[in-house]
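Trainee: Got a minute? I'd like to walk through this model with you.
Mentor: Sure, put it up.

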Amino acid sequence: VQLIESGGGLVQAGGSLRLSCAVSGLAFNAYSMGWFRQGPGKEREFVATVSASGGTSYYGDPVQGRFTISRDNAKNTVVLRMNSLKPEDTAVYYCAAGGGPRKTDFSYDFWGQGTQVTVSS
């Protein structure tokens with residue numbers, strides 16, 4: 001199983017980034033997909049999740065209204081669009097595959113290696 005994130009980088013506050021996660025080695029359309037992040041000196045934090053069908057999504061309070069999660073089951077990819085970025089969004093962002101659209105990291109079975117997002121003020 002492989003989950004490969006891409007799209008991270010350096011952006012100024014107020015800017016936007018689009019993260020993508022390409023998944024292989026599992027029945028993608030049977031898994032919920034989530035995004036988590038871990039900032040420097042912080043615990044891993046829930047960002048967003050989308051159900052296997054794409055019909056249900058949840059967001060963490062800090063990103064509600066600014067981030068959008070979506071998936072393409074034909075391409076085995078999940079995308080996180082991030083707008084109005086803030087310096088506190090700086091973190092390594094991880095995608096994960098699990099059995100339900102949960103907000104807890106222990107609900108996810110497979111994880112990517114992460115992609116760095118840095119937001120400058």
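Trainee: Let's start with strand pairing. How many bridges join S1 to S3, and which way do the two run?
Mentor: Five bridges join them, and the strands run antiparallel. S3 covers residues 17-24. Keep in mind that this is a predicted model.

Trainee: Which residues face each other there?
Mentor: Ser6 stands opposite Ser20 in S3. Leu3 has Val23 of S3 as its bridge partner.

Trainee: And the side chains along S1, which are buried and which are not?
Mentor: They alternate along residues 2-6. Leu3 and Glu5 point to one face and are buried. Gln2, Ile4 and Ser6 point to the other face and are not buried.

Trainee: What about S3 and S8, how many bridges join them?
Mentor: Six bridges, and that pair runs antiparallel. Ser20 stands opposite Val79 of S8. Ser20 also stands opposite Ser6, as we said.

Trainee: OK, zooming out. How many helices and strands does the chain have?
Mentor: Zero helices and 11 strands. Read from the N terminus, the elements are β-β-β-β-β-β-β-β-β-β-β.

Trainee: What does the radius of gyration say about the shape?
Mentor: The chain has 13 Å. A compact globule of 121 residues would have a value near 14 Å, so the chain agrees with that. The C-alpha atoms fill a box of roughly 40 × 25 × 25 Å along the principal axes.

Trainee: What share of the residues is buried?
Mentor: Buried residues make up 45% of the 121.

Trainee: And how much of the contact set is long-range in sequence?
Mentor: Take the contacts with a separation of 6 or more. Residues 24 or more positions apart account for 57% of those.

Trainee: Surface next. What is the accessible area, and how much belongs to carbon and sulfur?
Mentor: The accessible surface is about 6,000 Å². Carbon and sulfur atoms hold 46% of that.

Trainee: Charges? How far apart are the mean positions?
Mentor: There are 11 positive and 9 negative charges. Their mean positions are 6 Å apart.

Trainee: Now some single residues. Thr77, buried or exposed?
Mentor: Buried, because its relative accessible area is 18% and the cut-off is under 20%. Thr77 lies in S8, which covers residues 77-82.

Trainee: What does Thr77 touch?
Mentor: Leaving out residues up to four places away in sequence, Thr77 touches Ser20, Cys21, Ala22, Phe28, Ser70, Arg71 and Asp72.

Trainee: Where does Asn76 sit?
Mentor: In the loop between S7, residues 67-72, and S8. Asn76 is partly exposed, at 24% relative accessible area.

Trainee: Anything odd in the backbone there?
Mentor: Asn76 has a positive phi of about 55°, although it is not a glycine. Ser84 also has a positive phi, near 50°, and is a residue other than glycine.

Trainee: Where is Ser84, then?
Mentor: Ser84 is in the loop between S8 and S9. At 40% relative accessibility, Ser84 counts as partly exposed.

Trainee: Switching to the loop with Lys103. Which strands flank it?
Mentor: S9, residues 91-98, and S10, residues 108-111. Arg102 lies in the loop between S9 and S10 as well.

Trainee: Which of the two is exposed, and which partly exposed?
Mentor: Arg102 is exposed, with a relative accessible area of 51%. Lys103 counts as partly exposed, at 48%. The labels part there because exposed means over 50%.

Trainee: What do they touch?
Mentor: Again, skip residues up to four places away in sequence. Arg102 touches Phe46, Thr49, Ser107 and Tyr108. Lys103 touches Phe36, Phe46, Tyr58 and Tyr59. Phe46 appears in the list for Arg102 and in the list for Lys103.

Trainee: How far is Arg102 from Gly34?
Mentor: They are 68 residues apart in sequence and 7.9 Å apart in space, C-alpha to C-alpha.

Trainee: And Lys103 from Arg71?
Mentor: That pair is 32 residues apart in sequence and 17 Å apart in space, C-alpha to C-alpha. Arg71 is also one of the residues that Thr77 touches.

Definitions and conventions: Residues are numbered from 1 along each chain as its sequence is written. This is a predicted model: local features need pLDDT of at least 70, side-chain atom pairs count only at pLDDT 80 or more; totals for chains, interfaces and linings use all residues. Side-chain values use heavy atoms; hydrogens and water are left out. Helices (H or I, at least four residues) and strands (E, at least two) are DSSP runs, numbered from the N terminus. The radius of gyration is taken over C-alpha atoms; the globule rule is 2.2 Å times the number of residues to the power 0.38. Buried means under 20% relative accessible area, exposed over 50%, partly exposed in between (1.4 Å probe, protein chains only). Contact means heavy atoms within 4.5 Å. Accessible areas come from the Shrake-Rupley method with a 1.4 Å probe; for residues, only the protein chains shown count as cover. Lys and Arg count as positive and Asp and Glu as negative; His and the chain ends are not counted. The place of a charge is taken as NZ of Lys, CZ of Arg, CG of Asp or CD of Glu. Two strands pair if DSSP finds at least two bridges between them.
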